[in-house]
Amino acid sequence: MTNRRARLRVLAGALAASLALVATALAGASGAEAGGGKSKKLVGTFELDAGTCDAAGVATGSYFKMIQPGGTIEAGPVLPNVDSTCSNKDVTLLEPGTDGGLRTGKYQPQPDPAFDATGNGLADRIHTPTGFFGIDFASSTNKTDPQTGEQVPAITIKVKGAKLSGNTSAYSVAYGNQQFNQGAPKPDESLPGLTRKLTGTYAASTREFELEWVSQIVGGPFNDFTGIWHLEGTFKPSKG
Amino acid sequence: MRRAPLVCALALGLGLVAVPFIFGMFDRAPRGAVMLDEFRPFMTDETITTFDGYLAEMDAAEAEAQGDLRAFLAESGVVPDAGFDQEFPLVASFSEEWPAIDEDMSGLLADIGDNVENYEAVDALPPFTLFPWFFVAPGLLIAGVAGFALVRRSTGSAARWALVGLGVGLIAAPAVFQMFTRAPKGGEMIDRFRPIMERDRVQRIQGYFVTIGAAEGTLRAQALPLAQEQGGLSEADLDERFPAIRELNRDWQTIVADDTGFAAMIGAMSDNVDNYEAVDALPPFSLFPWFFVIPGVLLAGVGLISRRPTPALATVPATPARTLEPSIPQRSTR
């Protein structure tokens, strides 16, 4: 009689525990759905729309801005680039490079040498080298970050619902015989100053994207200046 | 050997070992080494002269922009004199700020130029990264010899002379490395760089670079093309009429991108603010030779007085003289 009661107690306990597990799992699943489902890596090329600028100086497409030390992302002050082709010199327009744009899952390393004789950056796979204060800057992504010498992962961008997130720590800019990491987070995974990770939107039906990240320069003549990278275009998944 | 001097020698040795830890030298000295390395390209009279030349170019270009160029654009009906600042606001900002920039940058270059000799003196010292070991290595040797003599209750003179030798070595080291002349020069350099190597000052200089660059770009990409297209000037005319602006335009890439250019120097300054602070937190450079001489003198002195005195004959207690008695054979009573 006593044994039977004990067995019943064990069975009841096991049933209660199972129910609790199922309830927890269901609650977790509904939470994930509320957040837009599971995030998915977008592997391929984020092909860039060239930056353009209307008469009022409002830019669309892909462009770059640089915030001066002590400024804010929202209010600047922005470093005017007199070499910009936009009437609004705060905006430096970007044109797609030989790869069409920014690749995820693979590096787009800079050439060797990375500079010409006068210090212009030569990397041209992501966007074409672009004039800035009389010298071209060039972007690349490298397994070993040229500025810090640290190993960095290839660019990753994920989508969850219609929202993009990602890691651009491998993004590097060559300018005036100097290298500047322009990723977020930084190679040491920090987010100094105004640095903000990649955010953006993605339309699965058209594969159109609009993304932005912010990276404060650490070290060198432009220490504490902050680059805002705004890219627009269409995502082209890699084959296979 | 006497124990008290040996204990003093042991304490001296351990004290020397402790010096780098007390002053954080293992962290600070390598930072000094990095700073010296990164400043090396700029700490030459030739580089300072080149930079002075760039300032003169900028000064001439500013005067020409507000003089000949402004007048030409007005006379040609391209940009009225009253509208020049509005048409080229970045040139106007440059002109407004230039006197202060020129004064500050000239002062900076003068300070750097005045310290080239001091820098060379410091750079000729043994590598900064070795500094902590200059204390630790002899400290361990001294402590080792003294400790050994104490433990073994050594009575020999080898340990004593080893301590004297180490003391003399410590006294001689600053002279060998010419620390008495070089270290104070290093101290002077650190003092003179104090107002330069501040984050605010470096950021202000970064700001100058932006102001100058924006004006250079405006003159190159906007003002001169306007003068050329609407004023009917050829490339040769531009060279002839506006030689100072054209020279600045030609040299701008070098100023920005050269390994020993202005931008590189600003980068070196910015990257070394923290390193400078670390070096500045070390004890005054002029004291460094005495960190060796004083313990050296003490150690040599300790070594010399540590000899256990030899017992003197006069102090040997006298034993009563025994009277020699003739040995008389004892006759057996048996």
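In helix α10 of chain B, R220(B) and E216(B) are both found, 4 residues apart, which is about one turn of the helix. The structure described here is a predicted model. Between R220(B) and E216(B) there is a salt bridge, and the closest N and O atoms of the pair are 3.1 Å apart. The two partners differ in their exposure: R220(B) is partly exposed, with a relative accessible area of 26%, whereas E216(B) has a relative accessible area of 0% and is buried.

Over all chains, the structure holds 18 salt bridges. In chain A, the side chains of R125(A) and D99(A) meet in one of them, with a distance of 2.8 Å from N to O. This salt bridge links distant parts of the chain, the two residues being 26 residues apart. R125(A) lies in the loop between β8 (101-103) and β9, while D99(A) lies in the loop between β7 and β8. R125(A) is partly exposed at a relative accessible area of 27%, and D99(A) is also partly exposed, at 22% relative accessibility.

A further salt bridge in chain B is formed by the side chains of R250(B) and D239(B), at 3.9 Å from N to O. R250(B) belongs to helix α12 (residues 243-257) and D239(B) to helix α11 (residues 235-241), so the pair ties together parts that are 11 residues apart in sequence. R250(B) is exposed, because its relative accessible area of 53% is over the 50% cut-off. D239(B), with a relative accessible area of 35%, is partly exposed. Both residues take part in a network of salt bridges that links E235(B), D239(B), R246(B) and R250(B).

A covalent link is found in chain A. A search of the whole structure finds 1 disulfide over all chains. This disulfide is formed by C53(A) and C86(A), whose sulfur atoms are 1.9 Å apart. The torsion about the S-S bond of C53(A) and C86(A) is about 40 degrees, so the disulfide is right-handed. The disulfide links distant parts of the chain, since C53(A) is in strand β3 (residues 52-53) and C86(A) is in the loop between β6 (76-78) and β7 (92-93), 33 residues apart. C53(A) counts as partly exposed at 26% relative accessibility, whereas C86(A) is buried, with a relative accessible area of 1%. In chain B, C8(B) counts as partly exposed at 42% relative accessibility.

Strand β9 (residues 130-132) of chain A contains T130(A). T130(A) counts as buried because its relative accessibility is 10%, and buried means under 20%. The C-alpha atoms of T130(A) and E95(A) are separated by 8.3 Å, although the two residues are 35 residues apart along the chain.

Two surface patches were identified in chain B, one nonpolar and one of negative charge. The nonpolar patch, of about 480 Å², is made by F180(B), L287(B), W290(B), I294(B) and L298(B). Helix α15 (residues 288-305) of chain B gives the most to this patch, with 3 residues. F180(B), by contrast, is placed in helix α9 of chain B, and at 38% relative accessibility F180(B) counts as partly exposed. The patch of negative charge gathers E198(B), D200(B), D274(B) and E277(B) on the surface. Among them, E198(B) is found in the loop between α9 (179-193) and α10 (199-231) of chain B. E198(B) is partly exposed, with a relative accessible area of 41%.

Technical notes: Residues are numbered from 1 along each chain as its sequence is written. Chains are lettered from A and ligands numbered from 1 in the order in which they are written. This is a predicted model: local features need pLDDT of at least 70, side-chain atom pairs count only at pLDDT 80 or more; totals for chains, interfaces and linings use all residues. Side-chain values use heavy atoms; hydrogens and water are left out. Patches are made of residues with over 30% relative accessible area and no salt bridge: like charges are joined within 9 Å, nonpolar side chains (Val, Leu, Ile, Met, Phe, Trp, Tyr) within 5 Å. Accessible areas come from the Shrake-Rupley method with a 1.4 Å probe; for residues, only the protein chains shown count as cover. A salt bridge is a side-chain nitrogen of Lys or Arg within 4 Å of a carboxyl oxygen of Asp or Glu. Lys and Arg count as positive and Asp and Glu as negative; His and the chain ends are not counted. The place of a charge is taken as NZ of Lys, CZ of Arg, CG of Asp or CD of Glu. Buried means under 20% relative accessible area, exposed over 50%, partly exposed in between (1.4 Å probe, protein chains only). A disulfide is a pair of cysteine sulfur atoms within 2.5 Å.
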